[in-house]
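Please look over the structure shown here with this briefing at hand. The notes are grouped by topic, so that each can be checked against the coordinates in turn.

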Amino acid sequence: MTDCILIVDDEALIVEVLSAMIEDMGYAVCASAATANEAVALAMQHAPRLILMDVRLKGVPDGIAVAEDIRRTVGSRVIFITGSREPDTVERIKRYAPVAVLFKPVRLDQLQSAVRQAMS
Amino acid sequence: MVILCCAFVLISVISIPFASVRLPEIPAIIPLSSSGILVAEFATSFLLFAWFHEVRSWSLLVLACTYLFASSMAVLQVLTFPDAVMVGRIIVGMRLSTGWAYMVWISGYALLTFAALLLEAFSRRRVSARAFNHAVIGSISATVAIIAGLAWIILCVPDRLPILMRGSEWTGFDQFVAYGALSTLAAGVAIGLLVIRARNPLFLWLTLAMTAMACANLINEVGGGRYTLGWTVGRLSWAVSASVLFLFFLGQFVRQQKLLTQARDTLEQRVVQRTAELTATVSQRDVLLREVYHRVNGNLQVLDALIALQSGSITDTDARAAVAALHHHILALGLVQQHLMASDDKRTFLATDFLRELTDSIVGARGSAVADVSVCADAVMFDTDFAVPFGLLTTELLTGMLSRQDANNINVELRRAGVQCAVLTVAADSAGQLLEGSPRARIVSALLRQLGGKMTVAERNGTRIEVRLSVPESA
């Protein structure tokens, strides 16, 4: 397990801003992925300590299923980022017991607190 | 129906050779048969009047009166028949009354049913809705008057009428009237079967009732006197005749019940089907709404990211404050979308958690060196149209208070003030200019206009801003 963070989001601009925020906090971003397959491959390759995972990705499966896959194989911790507060989705995420769930648009203070907790 | 009529006639004809056979005298036959006839014919009369209310044909009105007349005559028959109620005597009238009660009954029934059949066969006239009450009241009154007049004659002055019986045998006059009634009934049956036919099932059933009545009259006459086989079978046949239309109505009732059951089943199936369709539509609408909210939040995040990237190089303090304000507004809009998405109806949500989260996000975004902010909110419901400007207004007022260096305690409150009214209060323990001349003043003014709110600012021991808002009914 390496002390870096993998960002999984299909919006390039969001990836860019999240990367900047994390680097400002003093952590390294090892890679970013836009799809589920890419995320699994990069997680296997880098074995990151933390993954910032967008719930809705291009195609299937979604971020929750991918996170479950990665947890089994790599064991990374996960912070979910989602634009959805619908009860079904929130319930599925909670079942996974992630470090944190952040709702879009993401607040910097919440992101910092969650990342510090996960990386400590 | 023709077959039934023929069968009735055939049975009667076969019985003719035995009609004069004398049977034991059983007076109870009269009250038994007459009470059955009374109940059946009175009920039929009531049902015919009820049906007349729907159809309003003259034939039906005459038929209803016929059955009212016949049921009354059945009563008169019992009251005037010797031994029928009390041994050795009659209840009312004289001995001659018995024969005349019977004669008036069968001939009246024959004439009135014949008239009803003629009207049904050859007249299409209907009683107008306006004249309905007059027609019913008038016909019932006329029938009752005729019955009363005939009853008076039969009971009080039967000795002035021609003699109908000698000993226990019918006279020629009696036979003339009886066979006249028989012929009238036969003519009526012919009109029913040949002219009316299946056009009106009620009148087709009436032909069966008339056939039974005619056969009863025939076999009674052939029997030659009381307590013969013909007389007894005649009574039985009259009872059958009286019950025919009642049975017709029972059949109608059963048929209507079946139709009602079928209609109810069809309706229930339709309701189930329609409910499933509506549920699917609502579910589809929810999916679409969720998708819209999700995309709006995604876009807000992209917008926020763009602003963050663009503002990275800004060094001017005012410009950075303006960008920070934009970030707060984006957070407020995102929060409205999130609460709408989480609500059951996707339209409304409670202010309580929203206001707390909004305050947290603004305070959190400003870092640690801020005043102590407390939040308190009543359970006010917001809808989309109200929540967006309200969120932006609260953001402006709170960031205004937070921007003061000397503010240590800030209080945000939303209180219900009546059915469709709420008061938003933002108070701080610092004084000084807050809005005048700033872009914030223009934003607040525009939002107040949109919300129909009234703002008051009090500056005593700090600053207290109160905004009185009309909460929409739908919210």
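What follows covers confidence, the make-up of chain B, three helix pairs and one residue of chain A.

This is a predicted model, and for the complex the predictor gives an ipTM of 0.76 together with a pTM of 0.56. Chain B has a secondary structure of 12 helices and 9 strands, and the helix pairs described below all belong to that chain.

**Confidence in chain B**

- The mean pLDDT of chain B is 87, and 97% of its residues score at least 70.
- Within chain B, confidence is highest in helix 5 (residues 132–156), at a mean of 94, and lowest in strand 2 (residues 169–170), where the mean is 75.
- Where pLDDT is low, the predicted coordinates should not be read in detail.

**Overall make-up of chain B**

- Chain B has 475 residues, of which 45% count as buried.
- Among the contacts in chain B with a separation of 6 or more, 76% are accounted for by residues 24 or more positions apart.

**Helix 2 and helix 8 of chain B**

- The axis of helix 2 (residues 29–55) of chain B comes within 9 Å of the axis of helix 8 of chain B, and the two cross at roughly 25°.
- Because angles under 35 degrees count as roughly parallel, helix 2 of chain B and helix 8 of chain B are described as roughly parallel to each other, and their crossing is left-handed.
- On the side of helix 2 of chain B, the residues making this contact include B:I29, B:I37, B:L47, B:L48 and B:W51, while those of helix 8 of chain B include B:W231, B:R235, B:W238, B:F246 and B:F249.
- By class, the residues of the contact between helix 2 of chain B and helix 8 of chain B divide into 16 nonpolar, 4 polar and 2 charged.

**Helix 4 and helix 8 of chain B**

- Helix 4 (residues 95–122) of chain B and helix 8 (residues 229–310) of chain B have axes that come within 14 Å and cross at roughly 40°, and the two helices are therefore oblique to each other.
- The crossing in which helix 4 of chain B passes helix 8 of chain B is left-handed.
- From helix 4 of chain B, B:Y102, B:W105, B:I106 and B:Y109 meet B:R235, B:W238 and B:S241 of helix 8 of chain B, and the residues of this contact comprise 5 nonpolar, 1 polar and 1 charged.
- B:R235 and B:W238 of helix 8 of chain B take part in the contact with helix 4 of chain B and also in the contact with helix 2 of chain B.

**Helix 4 and helix 5 of chain B**

- The axes of helix 4 of chain B and helix 5 of chain B come within 8 Å and cross at roughly 155°, so the two helices are roughly antiparallel to each other.
- The crossing of helix 4 of chain B and helix 5 of chain B is right-handed.
- B:S97, B:W100, B:A101 and B:V104 of helix 4 of chain B meet B:L150, B:I154 and B:L155 of helix 5 of chain B, in a contact that has 6 nonpolar residues, 1 polar residue and no charged residues.

**A residue of chain A**

- A:T73 lies in helix 3 (residues 63–73) of chain A, and its relative accessibility of 53% is why A:T73 counts as exposed.
- A:T73 and A:M44 are 29 residues apart along the chain, and their C-alpha atoms are separated by 7.7 Å.

Definitions and conventions: Residues are numbered from 1 along each chain as its sequence is written. Chains are lettered from A and ligands numbered from 1 in the order in which they are written. This is a predicted model: local features need pLDDT of at least 70, side-chain atom pairs count only at pLDDT 80 or more; totals for chains, interfaces and linings use all residues. Side-chain values use heavy atoms; hydrogens and water are left out. pLDDT is the predictor's confidence in each residue, from 0 to 100. Helices (H or I, at least four residues) and strands (E, at least two) are DSSP runs, numbered from the N terminus. Axes are lines fitted to C-alpha atoms, for helices over the stretch in contact, and angles run from 0 to 180 degrees between N-to-C directions. Angles under 35 degrees count as roughly parallel, over 145 as roughly antiparallel, 65 to 115 as roughly perpendicular and the rest as oblique. A crossing is left-handed if the near helix is turned anticlockwise from the far one by less than a right angle, and right-handed if clockwise. Contact means heavy atoms within 4.5 Å. Ala, Val, Leu, Ile, Met, Phe, Trp, Tyr, Cys and Pro count as nonpolar, Asp, Glu, Lys and Arg as charged, and the others, Gly among them, as polar. Buried means under 20% relative accessible area, exposed over 50%, partly exposed in between (1.4 Å probe, protein chains only).
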